[in-house]
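Let's take a walk through this protein together. Keep the sequence and the 3D view side by side as you read.

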Amino acid sequence: DASSFEDGTGFTYMAWVKLNSVTDNNESWIFSNATNTYNNDGRHFGFGVNKNSGGSPVLFCDFKNENNWNFISCPPETGIIEEGGDYHHVAVTFNETIVRFYVDGIEVYSSTQTTNLLGEIGYNANTGTSYNVAGSYSFTDHPMFIGDIAGSSYDFNGEWNGLIDEASIWNYALSIDQINAYKDCLPLELNLEGLIGYWSFA
């Protein structure tokens with residue numbers, strides 16, 4: 001569960017992924033943490049890819065933030081995870097202000113979150129627009145799902161169609177140097193500061 005997180009701190013989620021396919025106008029989830037409803041009191045976190053009709057799958061992240069949502073999606077030309085391609089290392093970080101996306105150790109997109117207490121800024125997937133709410137966030141005490149959307153009543157298929165390996169969760173925003181150091185070789189003792197969980201499925 002998310003009990004190791006502290007509201008208002010940052011986070012990092014990263015994994016090696018191989019995507020077989022994702023249907024148009026749908027999302028495929030690498031990580032999710034949720035209650036059982038799809039609204040401001042429900043689903044709290046997701047990281048995966050979304051795909052508009054005719055477009056390519058791109059990385060997205062959304063999370064509950066001061067009772068509103070942050071939804072950040074890479075623009076169509078960045079953060080692409082091709083269908084039927086090779087493994088890629090993907091990561092998302094948040095430091096209370098900036099959300100950053102990484103593919104294979106390279107930052108591909110960032111979004112600075114500004115305060116919007118009413119949560120009235122809409123979003124359009126695959127354009128990079130977002131609900132912009134800076135500051136603290138909160139997670140549920142429900143289990144963290146890997147490869148599926150957790151506990152949602154929203155009617156779509158969110159399972160990851162492909163492979164996931166070496167998934168890890170951290171309670172602060174790793175730097176690009178740390179991401180590159182850890183993506184290929186985590187120390188065997190796995191007692192790194194801020195490391196909440198690590199899962200190898202090989």
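## A polar residue in a strand

Does N26 count as buried or exposed? Please keep in mind that you are looking at a predicted model. With a relative accessibility of 11%, N26 counts as buried, because the cut-off for that label is anything under 20%.

To find N26 in your viewer, go to strand β2. From there, the N26 side chain makes a polar contact with the side chain of T23, at 2.9 Å.

## The nonpolar cores

Strand β2, which spans 26–33, is also one of the elements that each supply at least two residues to the largest nonpolar core. The others are β1, β3 (45–51), β4 (58–65), β6 (88–94), β7 (98–103) and β10. This core has 30 residues, and β1 gives the most to it, with five. If you would like to color a few side chains, try Y13, I30, F31, F47, L59 and F101, the residues with the most contacts inside this core.

Apart from this core lies another one, made of ten residues. Among them are W170, Y182, L192 and L195.

## A cavity inside

How many cavities of 30 Å³ or more does a search of the whole structure find? The search finds one. The volume of this largest cavity is about 30 Å³.

Around the cavity you will find M14, W16, H89, E166, S168, Y182, K183, L186 and Y198 as its lining. Three elements give two or more residues each to that lining: β1 (11–19), β10 (162–170) and α1 (176–184). By chemical class, the lining residues divide into five nonpolar, two polar and two charged. Y182 is worth a second look, as it belongs to the ten-residue core and also lines the cavity.

## An exposed residue in a loop

Now turn to E193, which sits in the loop between α1 and β11 (195–199). E193 counts as exposed because its relative accessibility is 70%, and the label applies to values over 50%.

Which residues does E193 touch, once its neighbours within four places in sequence are left aside? E193 is in contact with W170 and Y172. Along the chain, E193 and W170 are 23 residues apart, while their C-alpha atoms are separated by 8.6 Å. W170 links back to an earlier section, being one of the residues of the ten-residue core.

Technical notes. Residues are numbered from 1 along each chain as its sequence is written. This is a predicted model: local features need pLDDT of at least 70, side-chain atom pairs count only at pLDDT 80 or more; totals for chains, interfaces and linings use all residues. Side-chain values use heavy atoms; hydrogens and water are left out. On a 1 Å grid over the protein atoms alone, a cavity is a set of points where a 1.4 Å probe fits but cannot get out, and a pocket is an open set with protein on both sides within 12 Å along at least five of seven lines; lining residues have an atom within 4 Å of a point. Grid points are joined across faces, edges and corners, and a volume is the space filled by probe spheres set on the points. Helices (H or I, at least four residues) and strands (E, at least two) are DSSP runs, numbered from the N terminus. Ala, Val, Leu, Ile, Met, Phe, Trp, Tyr, Cys and Pro count as nonpolar, Asp, Glu, Lys and Arg as charged, and the others, Gly among them, as polar. A nonpolar core is a set of buried Ala, Val, Leu, Ile, Met, Phe, Trp, Tyr and Cys residues joined through side-chain atoms within 4.5 Å. Buried means under 20% relative accessible area, exposed over 50%, partly exposed in between (1.4 Å probe, protein chains only). A polar contact is a pair of N or O atoms within 3.5 Å; within protein, one must be able to donate a hydrogen and the other to accept it, and residues adjacent in sequence count only if both atoms are side-chain atoms. Contact means heavy atoms within 4.5 Å.
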